[in-house]
Amino acid sequence: MGKAMDDRYLVSFVGQKGGVGKSALVRLLAVGAAHRGLRTLIADFDLEQLTSVEWNAARLRHGIQPELDARPMKSLKKLRKADDDFQLVIADTRGLADDLTRDIAQESDLVVLPTGTSQDDLRPTLALARKLARHGAEGRIVIVLSKIGRSERQLATATTAIEDSGFDLLPAHWPLRDGFQTDLDIGRAGREAPSPHLKIIAEAMETALFERIGRIGARTTPP
Ligand SMILES: Nc1ncnc2c1ncn2[C@@H]1O[C@H](COP(=O)(O)OP(=O)(O)O)[C@@H](O)[C@H]1O
Ligand SMILES: [Mg+2]
């Protein structure tokens, strides 16, 4: 691994299913990072969808500031070769976790697994978490309850299932809201929501993610 890569903090959003909110959270984090003044790259490994790349093009068309950098990425080798001096790289990955996803997770400083609250979503998510943990990502995995509805009971059941699994659960959740979808369609994400209520929710998610990033950063810094 090159020197430039060692200095970069790599966060990957992975999952075993499409539509769970990986790309939405990638973009939320990228916006938050830009506002923190971090030199940030979105590495879009989902070449079939290119969700984050297409979104960034819409963002440019709509003239939304700050400008972000999102690139299609075929391999980790390509990512290592990206010679700009990024502080944070956020990897968006495809719906079905494959060998590339496993390799990205292995190399990540933080691996985020968004999941819905249903057993249908939790089962494959926890299975993937165990698999990634076996392949070198142990201790760097965090699960996020994503696109959740309004049922307290569903939230409580899912929380218990994750706690029982022994994996870390991010203390902030990502609720399903029409406003977040509308925003993504026009090149905005996260804290850029026009509604103050959604903005608060997005900022809480941002803070929780950066709390993780900060903590791991502190742990890997030599004394
Ligand atoms: N919190 C949310 N509320 C409403 N819609 C959302 C939310 N997060 C994501 N979406 C929408 O759900 C769909 C799937 O989300 P996406 O982030 O692309 O999932 P993935 O990358 O896991 O496939 C997209 O149409 C996106 O706009
Ligand atoms: Mg996606």
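## Second largest cavity

Of the residues that line the second largest cavity, 6 are nonpolar, 1 is polar and 1 is charged. The elements that contribute two or more residues to this lining are α2 (22-35) and α8 (178-185). With 3 residues, α8 gives the largest share. The structure is a predicted model.

The lining consists of Ala24, Leu28, Trp174, Phe180, Asp183, Leu184, Ala189 and Gly190. Asp183 is the charged residue here and Gly190 the polar one. The volume of the second largest cavity is about 40 Å³.

## Largest cavity

The largest cavity holds about 50 Å³ of space. Its lining is made up of Val14, Gly15, Gln16, Lys17, Val20, Leu113, Pro114, Asp121, Pro124, Thr125 and Leu128. By class, these residues comprise 6 nonpolar, 3 polar and 2 charged. Lys17 and Asp121 are the charged members of the lining, while Gly15, Gln16 and Thr125 are the polar ones.

Two elements, β5 (110-115) and α6 (119-137), each provide at least two of the lining residues of the largest cavity. The largest share comes from α6, with 4 residues.

## Cavities in the whole structure

How many cavities of 30 Å³ or more does a search of the whole structure find? The search finds 2. In the largest cavity, α6 supplies the largest share of the lining; in the second largest cavity, α8 does so.

Notes: Residues numbered from 1 in each chain as written. Chains lettered and ligands numbered in written order. Predicted model: local features only at pLDDT ≥ 70, side-chain atom pairs only at ≥ 80, totals over all residues. Heavy atoms only, no water. 1 Å grid on protein atoms, 1.4 Å probe; cavity = no way out; pocket = protein on both sides within 12 Å on 5 of 7 lines; lining within 4 Å. Points joined across faces, edges and corners; volume = space filled by probe spheres on them.
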